[in-house]
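Let's take a walk through this protein and see how its charged side chains are placed. Keep the structure open while you read.

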Amino acid sequence: MIEVQDAAAQLAQIAARATTCTACGLSQTRTTVVFGEGNPQAPLMIVGEGPGEREDLTGRPFVGRAGALLDECLAENGITRRHVYIANVVKCRACIVENGRKRNRAPTLQEIAACNPWLQQQLAIVKPLVVLCLGAPSASLLIHKNFRMTQERGKFFEVPYARYAIAALHPAYILRQGGQAFLEARKTLVQDIEAARLKVIEVRREARKTLF
Ligand code: SF4
């Protein structure tokens, strides 16, 4: 079993290599590579879509408004950033540059594929029990390629890189909803985080049973 310090050191080494990655075109418009951060042996790993403006400037995942909403929903489940590891399917901001200004866009399938080796290395080191995919690009990459958020959100899937994966609405999508729709979407995120937390407890309990 990898010790916590070993896992942290391995992640730091890979993060250092990723800072110079030019495997896709996003390297030309990024300010910083947002590799990921958190508990190097977290039982719960959260995988979002990609960095936005604040993340691109700071080098940290989920630090803008969407990050604040994610933190709130984690806190309602008694979870802090120290408990989880957070990464994205692409490590550089996907954006359109118009009149010198950058506007976020979804990463392309080619960009996601180019960046996947970094994510796979993170998964192999952290070895989470449960992965929470935030948004459709993450769920399509890590659960199955035809993932339908409206039908399959909140369900558990057996996956090779963890015991289970589950998908939830991305906080940035939730923020784009108004009024009652916002409240309902936010509630689903809290519920899906709770389901992921309870699944971690269940998997750990099963593992203990097999030991005795
Ligand atoms: Fe490299 Fe990923 Fe950044 Fe593309 S998005 S340049 S693959 S780190």
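Which residue forms a salt bridge with Glu76? The partner is Arg186, and the closest N and O atoms of the two are 2.6 Å apart. Keep in mind as you look around that this is a predicted model.

## Salt bridges across the chain

Let's stay with that pair for a moment. Glu76 sits in the loop between H3 and S3, while Arg186 belongs to helix H8, so their salt bridge ties together parts that are 110 residues apart in sequence. Glu76 is partly exposed because its relative accessible area is 48%. Arg186 has a relative accessible area of 15%, so it counts as buried.

Helix H8 takes part in another link as well, this time through Glu206, which lies in H8 and pairs with Arg163 in the loop between strand S7 (156-158) and strand S8 (164-168). In this salt bridge the closest N and O atoms are 3.6 Å apart. The pair ties together parts that are 43 residues apart in sequence. Glu206 has 31% relative accessibility, so it is partly exposed, and Arg163, with a relative accessible area of 38%, is partly exposed too.

## A small network

How many salt bridges are there by the rule used here? The count comes to 10. One of them joins Glu37 and Arg81, with the closest N and O atoms 4.0 Å apart. Glu37 is in strand S1 (residues 37-38) and Arg81 is in the loop between helix H3 (65-75) and strand S3 (84-88), so this pair ties together parts that are 44 residues apart in sequence. At 22% relative accessibility, Glu37 is partly exposed.

These two residues also have company: Glu37, Arg60, Asp71 and Arg81 are linked in a network of salt bridges.

## A buried charge without a bridge

Now for Glu55, which you'll find in helix H2 (residues 53-58). Is Glu55 buried or exposed? Glu55 is buried, yet it has no salt bridge. The nearest side chain of opposite charge is Arg54, and that one is 6.9 Å away.

So what does lie beside its side chain? A polar atom of the Glu55 side chain is 3.0 Å from the backbone nitrogen of Val63. The backbone nitrogen of Gly64 is 3.2 Å from a polar atom of that side chain.

## More to spot on helix H8

Back to helix H8, which spans residues 179-211 and includes Arg204. On the surface, Arg204 gathers with Arg205, Arg208 and Lys209 in a patch of positive charge. Arg204 counts as partly exposed because its relative accessibility is 43%.

Arg197 is in helix H8 too, and its 28% relative accessibility is why it counts as partly exposed. Try finding Val130 as well: Arg197 and Val130 are 67 residues apart along the chain, but their C-alpha atoms are separated by 8.3 Å.

## Two positive phi angles

Finally, have a look at two backbone angles. Phe62 has a phi near 55°, a positive value in a residue other than glycine. You'll find Phe62 in the loop between H2 and H3. Its relative accessible area is 6%, so Phe62 is buried.

Asn99 isn't a glycine either, and its phi is positive at about 50°. Look for Asn99 in the loop between strand S4 (95-98) and strand S5 (101-104). Asn99 counts as exposed because its relative accessibility is 82%.

Technical notes:
Residues numbered from 1 in each chain as written. Predicted model: local features only at pLDDT ≥ 70, side-chain atom pairs only at ≥ 80, totals over all residues. Heavy atoms only, no water. Patch = residues over 30% accessible without salt bridge, like charges linked within 9 Å, V, L, I, M, F, W, Y side chains within 5 Å. Areas by Shrake-Rupley, 256 points an atom, 1.4 Å probe, with all protein chains shown as cover. Lys, Arg positive; Asp, Glu negative; His and termini not counted. Charge placed at Lys NZ, Arg CZ, Asp CG, Glu CD. Helix = DSSP H or I, 4+ residues; strand = E, 2+ residues; numbered from the N terminus. Buried < 20%, exposed > 50% of the residue type's maximum accessible area, 1.4 Å probe, protein only. Polar contact = N/O pair within 3.5 Å; in protein donor to acceptor, adjacent residues only side chain to side chain.
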